[in-house]
Amino acid sequence: MRSLPYFCRGQVVRGFGRGSKDLGIPTANFPESVVDNLPADISTGIYYGWARVDNGDIHKMVMSIGWNPYYKNTKKSMETHVIHKFKEDFYGQMLSVAMVGYIRPERGFKSLDELIAAIHSDIEEAKTKLDLPEHLKLKEHNFFKTSTANQILNGHRL
Ligand code: ADP
Ligand code: MG
């Protein structure tokens, strides 16, 4: 995918309340404005990268890009699971992410257990891949040095 690494940020909005948190894997949703700016070559599926809430620490993340059921699957959604235990929810706060690599396409699962196992394996893969020097250095990218103010990245005003 030519567009990777891809950098974007936006205010965390409420998702579909599918109970990701109940599975122990909360996913922070980006608003439509961020999703609509995704380059065409970023396909649906699971990605890994770096994430930061407001001006906090930079953590590893996995992100699912899928079809948004709320819009009858005509629009995409971007859901980020930050690999970190937060003390509180961060709805309304600014989430900055660097999407670094692709793990796998979306797929169906026979059971909830199978889905959870797949996500845990995605998380392990993300953790390992992000330790590669070429990925670690993205934590130092200017994108994470600037504040949450407006700026242009990957050709889009954020
Ligand atoms: P929703 O349907 O509103 O997205 P979730 O059950 O997926 O509900 O929970 C997502 C929310 O949980 C996020 O918007 C964020 O405020 C909070 N949260 C807490 N810890 C994390 C985390 N490690 N990664 C992502 N979101 C988290
Ligand atoms: Mg969610």
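## Ligand 1 and its surroundings

Let's start at the ligand: one of the oxygen atoms in ligand 1 sits 3.0 Å from a polar backbone atom of Lys21. Keep in mind that this is a predicted model. Two other backbone contacts can be set beside the one to Lys21, and here they are together.

| Ligand 1 atom | Polar backbone atom of | Distance |
|---|---|---|
| oxygen | Lys21 | 3.0 Å |
| oxygen | Thr27 | 3.0 Å |
| nitrogen | Val82 | 2.8 Å |

On its own, ligand 1 would expose 560 Å², and the protein buries 93% of that. There are 19 residues around ligand 1, and Gly15, Gly17, Val82, Phe90 and Tyr91 are the ones that come nearest. So Val82 turns up twice, once in that nearest group and once as the backbone partner of a ligand nitrogen.

Which strand gives the most to the shell around ligand 1? It's S5, with three residues. Strand S2 (28–29) is also in on it: S2 and S5 each supply at least two residues of the shell.

### The chain as a whole

Stepping back, the protein chain has four helices and eight strands. Walk along the sequence and you get the pattern β-β-α-β-β-β-β-α-α-α-β-β. The chain has 158 residues, and 43% of them are buried. Take the contacts between residues at least 6 apart in sequence: 68% of these join residues at least 24 apart. As for the outside, the accessible surface of the chain comes to about 8900 Å², and carbon and sulfur atoms account for 51% of it.

### Helix H2

Helix H2 covers residues 112–130, which is 19 residues. From first C-alpha to last, H2 reaches 27 Å, close to the 27 Å expected at 1.5 Å a residue. Where do its buried residues point? The residues in question are Ile116, Ala118, Ile119, Asp122, Ile123, Ala126 and Leu130. They are on the same side of H2, because they cover an arc of only 160 degrees around the axis. Asp113 and Thr128, on the other side of H2, are exposed.

What do the buried residues of H2 pack against? Their partners are strands S3 (45–53), S4 (58–67), S5 (76–82) and S6 (94–104), plus helix H3 (133–136). Strand S5 therefore has two roles in this picture, as a packing partner for the buried residues of H2 and as a contributor to the shell around ligand 1.

### Two loop residues

Two loop residues are worth a look. Thr44 is in the loop between helix H1 (32–36) and S3. Is Thr44 buried or exposed? Its relative accessible area is 18%, so Thr44 counts as buried. The side chains of Thr44 and Glu106 are joined by a polar contact of 3.3 Å. Setting aside neighbours within four places in sequence, Thr44 is in contact with Ile65, Gly66, Trp67, Lys76, Tyr102, Pro105 and Glu106.

Glu140 is in another loop, the one between H3 and helix H4 (142–145). Glu140 counts as exposed because its relative accessibility is 52%, and the cut-off for exposed is over 50%. Glu140 and Ile58 are 82 residues apart in sequence, yet their C-alpha atoms are 9.7 Å apart in space.

Technical notes
Residues are numbered from 1 along each chain as its sequence is written. Chains are lettered from A and ligands numbered from 1 in the order in which they are written. This is a predicted model: local features need pLDDT of at least 70, side-chain atom pairs count only at pLDDT 80 or more; totals for chains, interfaces and linings use all residues. Side-chain values use heavy atoms; hydrogens and water are left out. The expected span of a helix is 1.5 Å times one less than its number of residues. Buried means under 20% relative accessible area, exposed over 50%, partly exposed in between (1.4 Å probe, protein chains only). The arc is that of the directions from the helix axis to the C-beta atoms. Contact means heavy atoms within 4.5 Å. A residue is near a molecule or strand if one of its heavy atoms lies within 4 Å of it. A polar contact is a pair of N or O atoms within 3.5 Å; within protein, one must be able to donate a hydrogen and the other to accept it, and residues adjacent in sequence count only if both atoms are side-chain atoms. Accessible areas come from the Shrake-Rupley method with a 1.4 Å probe; for residues, only the protein chains shown count as cover.
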